[in-house]
Amino acid sequence: MSYFLGAKAAKGVFAPRFATAPMMEWTDRHCRAFHRQLTAHGLLYTEMVTTGAVIHGDREHLIGFSECEHPIACQLGGSDPAEMAEAARIVEGFGYDEVNINVGCPSDRVQSGRFGACLMEEPALVAACVEAMKSAVEIPVTVKCRIGVDDQDPELALDAMADAVFAAGSDALWVHARKAWLKGLSPKENRDIPPLDYDRVLRLKQRLPEKFIGLNGGLQDLDQAEPFLDTLDGLMFGRAAYHTPEILGSVDRRLYGGTETDVSPWAAVKGHMTYLEEQLEKGVKLAHMTRHMLGLFHSRPGARAWRRILTVEAIKPGAGLEVVEQALAAVSPAGADLAAAE
């Protein structure tokens, strides 16, 4: 399975060298299916879903996905070990390749539910969740955290979390290299205002060289991020992957040793047409899918027309593939990229 590919990976070793970050209201199944057109091997994350929703809610709606999305990880929000284990079993039963624990979201809602970033203050509880989940499933169990919250010392807080979850059997730790300020900053501000501290994550890896440590937070492009793989095990892109998805097109070649040419934006759109058509036939509205494609031609000639057509025309009743074709025709491709798409 491509989930285990990677230049550093031994056979069967957890080695997702690239992942897209879980982002609420963004990384839904339509977003992931689109991103899969650009990278065959990158690990795709769901939005965070709470254990209560998985256990008691409409599972197909909440965690359903298409086979084309593999390799795919489901991120859970919760802190009760028994509920986390039950939700993990359900996730595994749906066919996911990994289940992840959210220890990074700073919103008021997750704090009131005792999960997300506030769990940085309870590493033993997170470890108990990991242990329960590992006992319940065969797929990898991982954790995504911050370097600390509020007045915590990141040296102590991150070490405590890492030591606890790895002792409990976690297969990986993805670290958003910022603190989260639970008091005084909004979730949006928490994505930008706390300073990035990549060196803290590098020191963690140097202390735990045999453990999978992945980096998240502020990564903008592969030129900036790839050198971190000299020390770390994986890169997780969030907003940059969403707003400028073209960067995903070179992931397989640059990070997974692929020999294929990079996937051009034009090739990605053409390859995605079959999925769009299938979903339209199921009654999915075009705008629900194309909203994730708006940034594909970022900074290229015709990008503004691409966005305008998809934004204005896709919301109209009965909008179909002709809207995407019209938008694609408005984009002026460079000769090499046009050839790659044909």
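# A guided tour from the largest pocket outward

Begin with the largest pocket of this predicted model, which has a lining of 32 residues, and select P22, M23, M24, H176 and R191, the residues of that lining that lie nearest its centre. The space in this pocket comes to about 770 Å³. Next, colour the helices α5 (108-112) and α11 (239-243), each of which supplies at least two residues of the lining; with three residues, α11 gives the most to it.

From the pocket, turn to the sheet and select its eight strands, which form an open sheet in the order β1-β10-β9-β7-β5-β4-β3-β2, with parallel pairing. The strands at the edges are β1 and β2 (44-50), each of which has a single partner strand, so that one side of each is left without a neighbour in the sheet. If you look along the sheet, neighbouring strands are turned against each other by 25° on average, direction ignored.

Stay for a moment with the edge strand β2, which runs parallel to β3 and is joined to β3 by five bridges. To find one point of this pairing, select Y45 together with A73, its bridge partner in β3. Is β2 mostly covered, or mostly uncovered? Although β2 stands at an edge of the sheet, six of its seven residues are buried, and the strand is therefore mostly covered by the cut-off of under 20% relative accessible area.

Now move along the sheet to β9 (residues 213-216) and β10 (residues 234-237), which run parallel and are joined by three bridges. Here L215 is the residue to select, and opposite L215 stands L235 in β10.

With the strands still displayed, add the helices that pack on the sheet, beginning with α4, which touches β3 and β4 and whose direction makes about 155° with that of β3. Then add helix α7 (residues 154-167), which also packs on the sheet and touches β4, β5 (141-145), β7 (172-176) and β9. The direction of α7 makes about 160° with that of β7.

The next stop concerns the aromatic rings, of which seven pairs are counted in the model. Select F65 and Y96, whose rings form a tilted pair with 4.5 Å from centre to centre and 55° between the planes. Which parts of the chain does this pair tie together? F65 lies in the loop between α3 (59-63) and β3 (72-77), whereas Y96 lies in the loop between α4 (81-93) and β4 (98-103), so the pair ties together parts that are 31 residues apart in sequence. Both partners count as buried, F65 at 11% relative accessibility and Y96 at 2%.

For another ring geometry, select F297 and W306, which form an edge-to-face pair with 4.8 Å from centre to centre and 70° between the planes. F297 and W306 are both buried. Adding W266 to the selection completes a cluster, since ring pairs link W266, F297 and W306.

The following stops are features of the backbone, and a word of background may help: most residues other than glycine have a negative phi, and most peptide bonds are trans. Return to the loop between α3 and β3, where P71 lies, and display the peptide bond from H70 to P71, which is cis, with omega near -5°.

Two residues with positive phi come next. Select E25, which is not a glycine and yet has a positive phi of about 70°; its place is in the loop between β1 (18-20) and α1 (29-36). Then select S299, a residue other than glycine with a phi near 70°, in the loop between α14 (286-290) and α15 (303-313). Are these residues buried or exposed? E25 is exposed, with a relative accessible area of 60%, and S299 also counts as exposed, at 66% relative accessibility.

Finish at C118, in the loop between α5 and α6 (123-136), which is the loop that follows the pocket-lining helix α5. C118 is buried, with a relative accessible area of 11%. To close the tour, select L182 as well and show the C-alpha atoms of the two residues, which are separated by 7.5 Å although C118 and L182 are 64 residues apart along the chain.

Notes:
Residues numbered from 1 in each chain as written. Predicted model: local features only at pLDDT ≥ 70, side-chain atom pairs only at ≥ 80, totals over all residues. Heavy atoms only, no water. Phe/Tyr/Trp six-rings, centres within 6.5 Å; stacked < 30°, edge-to-face > 60°. Helix = DSSP H or I, 4+ residues; strand = E, 2+ residues; numbered from the N terminus. Buried < 20%, exposed > 50% of the residue type's maximum accessible area, 1.4 Å probe, protein only. Pairing = 2+ DSSP bridges. Axes fitted to C-alpha atoms, helices over the stretch in contact; angles between N-to-C directions. Contact = heavy atoms within 4.5 Å. 1 Å grid on protein atoms, 1.4 Å probe; cavity = no way out; pocket = protein on both sides within 12 Å on 5 of 7 lines; lining within 4 Å. Points joined across faces, edges and corners; volume = space filled by probe spheres on them.
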